[in-house]
Amino acid sequence: MLLGAGFYAFPLPLGAWGRVGHQTIAYIAQDHLTPAAQKAVREILGPDQDLASVSIWADAIVRMRPETAPWHFFNLNVRQSQGEYDIADVCRNHDCVVDQIEKDYGVLAQRFSPLREKREALKFLVHFVGDVHQPLHCADDNDRGGNEKWFRYHGPSGRSWHATWVNLHGFWDNLLEPKAKENSRRFAYWLEKKISSEDKKTWAQGKPSDWAYESFSIARDDIYNELPDGPLLEKNRWGQDLPEDYYSGKMRGIVDRQLEKAGIRLAYLLNNLFPQ
Ligand code: ADE
Ligand code: ZN
Ligand code: ZN
């Protein structure tokens with residue numbers, strides 16, 4: 001079973017929230033930075049990098065730094081009632097995305113942190129604010145956030161002859177990639193046009209644990225609610241494929257909103273960190 005799972009582990013391009021997702025979030029944030037925050041970011045990252053170019057660095061280093069792997073998610077069980085959550089248990093030793101955002105924020109807020117540490121903290125922060133908005137990075141169903149729930153999927157056009165096997169988590173990480181056609185800069189502009197000033201006001205507040213809880217609620221109420229419990233390693237046990245319009249029908253709006261929120265909230269954190 002485990003071997004099987006490993007073999008089928010990467011039917012889609014790897015990457016948490018995918019490259020396009022993380023870069024799109026970074027561009028939206030960049031477009032909402034105050035001049036002071038823009039300047040501080042430039043000083044920390046240097047002339048050759050920007051928020052978008054560093055946004056998937058945290059995924060690239062996981063193999064070299066395995067202790068960072070749990071920093072990308074926060075597992076609340078979607079089948080438990082709220083009163084049963086033990087948040088401290090979820091985030092032991094600060095090994096979760098919520099506490100890591102707080103930690104990186106703290107390093108950046110310290111005036112005297114060495115530049116090298118600030119640079120690393122900023123690279124992590126950009127990435128983790130993205131991850132905390134991927135609903136399946138804040139939820140679990142004894143399936144490692146959907147990594148162990150396998151489905152057949154016929155592709156976004158619905159025209160392909162051969163269904164591929166996808167796991168729910170990887171599928172969500174890469175959900176928008178076929179649509180975005182890899183141009184995150186243009187995709188960010190397109191999303192920004194839909195963000196109202198009211199949205200900005202509502203989103204640019206709260207703390208990482210609130211954002212994680214919001215993601216969790218989406219995972220529970222809009223993603224897991226229509227799927228069977230627990231791991232689905234045995235192919236076809238559910239007896240149903242993921243609908244061909246899974247993304248284009250129901251989920252697209254959710255994905256777009258989460259990307260927009262993540263961008264606005266990343267800007268909110270950075271603007272607070274580097275006041276005028
Ligand atoms: N591994 C275990 N749970 C996970 C989750 N919710 N997201 C990403 N990776 C995980
Ligand atoms: Zn990640
Ligand atoms: Zn992921």
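**Entry: Lys 261**

I began with Lys 261, which is buried, with a relative accessible area of 9%. I note here that the model is predicted. I placed Lys 261 in helix α13, residues 246-273. Which residues does Lys 261 touch, leaving out those up to four places away in sequence? I listed His 133, Trp 203 and Glu 214. The cut-off for buried is under 20%, so Lys 261 at 9% falls in that class.

**Entry: the chain as a whole**

Next I looked up the totals. I found 13 helices and two strands in the protein chain. The chain has 276 residues, and buried ones make up 49% of them. I then turned to contacts with a separation of 6 or more. Of these, 79% are between residues 24 or more positions apart. The chain exposes about 13,500 Å². Carbon and sulfur atoms supply 53% of that area.

**Entry: zinc ion, ligand 2**

Which residues donate to the zinc ion (ligand 2)? I read off His 72 through ND1, His 127 through NE2 and Asp 131 through OD. These donors lie 2.0 to 2.1 Å from the ion. Along the sequence I wrote their spacing as H-x54-H-x3-D. I checked where the last two sit. Both His 127 and Asp 131 are in helix α7, residues 115-131. They are four residues apart, about one turn of the helix. I also checked their exposure: His 127 and Asp 131 are both buried.

**Entry: zinc ion, ligand 3**

I repeated the look-up for the zinc ion (ligand 3). The protein donors are His 137 (NE2), His 169 (NE2) and Asp 173, the last listed with OD twice. Their distances from the ion run from 2.1 to 2.6 Å. The spacing here is H-x31-H-x3-D.

Is the site of this ion regular or irregular? I have it as irregular, with angles of 55 to 148° among the four donor atoms. A tetrahedral call needs all angles between 85 and 135 degrees, so the range of 55 to 148° rules that out. For reference, the ideal angle for four tetrahedral donors is 109.5 degrees.

Why are His 169 and Asp 173 about one helical turn apart? They are four residues apart in helix α8, residues 168-173, so about one turn separates them. I found both His 169 and Asp 173 buried. Last for this entry, I took the gap between the two zinc ions, ligand 3 and ligand 2: 5.8 Å.

**Entry: ligand 1**

I listed the residues around ligand 1: Phe 73, Asn 75, Leu 136, His 137, Ala 139, Arg 144, Gly 145, Asn 147 and His 169. His 137 and His 169 in that list are also donors of the zinc ion (ligand 3).

I then went through polar atom pairs. An N or O atom in the side chain of Asn 75 is 2.6 Å from a nitrogen atom of ligand 1. For Leu 136, a polar backbone atom is 2.9 Å from a nitrogen atom of the ligand. For Ala 139, a backbone N or O atom lies 3.4 Å from a ligand nitrogen. How much of ligand 1 does the protein cover? I noted 87% of the 260 Å² of accessible area that ligand 1 has on its own.

**Entry: Arg 152 and Asp 241**

I closed with Arg 152, in strand β1, residues 150-153. Arg 152 counts as partly exposed because its relative accessibility is 29%. Arg 152 and Asp 241 are 89 residues apart in sequence. Their C-alpha atoms are 4.9 Å apart in space. I found a polar contact of 2.9 Å joining their side chains.

Technical notes: Residues numbered from 1 in each chain as written. Chains lettered and ligands numbered in written order. Predicted model: local features only at pLDDT ≥ 70, side-chain atom pairs only at ≥ 80, totals over all residues. Heavy atoms only, no water. Donors = N, O, S within 2.8 Å, 3.2 Å for Na, K, Ca; no water. Tetrahedral: all angles 85-135°; square planar, octahedral: opposite > 155°, others 65-115°. Buried < 20%, exposed > 50% of the residue type's maximum accessible area, 1.4 Å probe, protein only. Contact = heavy atoms within 4.5 Å. Areas by Shrake-Rupley, 256 points an atom, 1.4 Å probe, with all protein chains shown as cover. Near = heavy atom within 4 Å. Polar contact = N/O pair within 3.5 Å; in protein donor to acceptor, adjacent residues only side chain to side chain.
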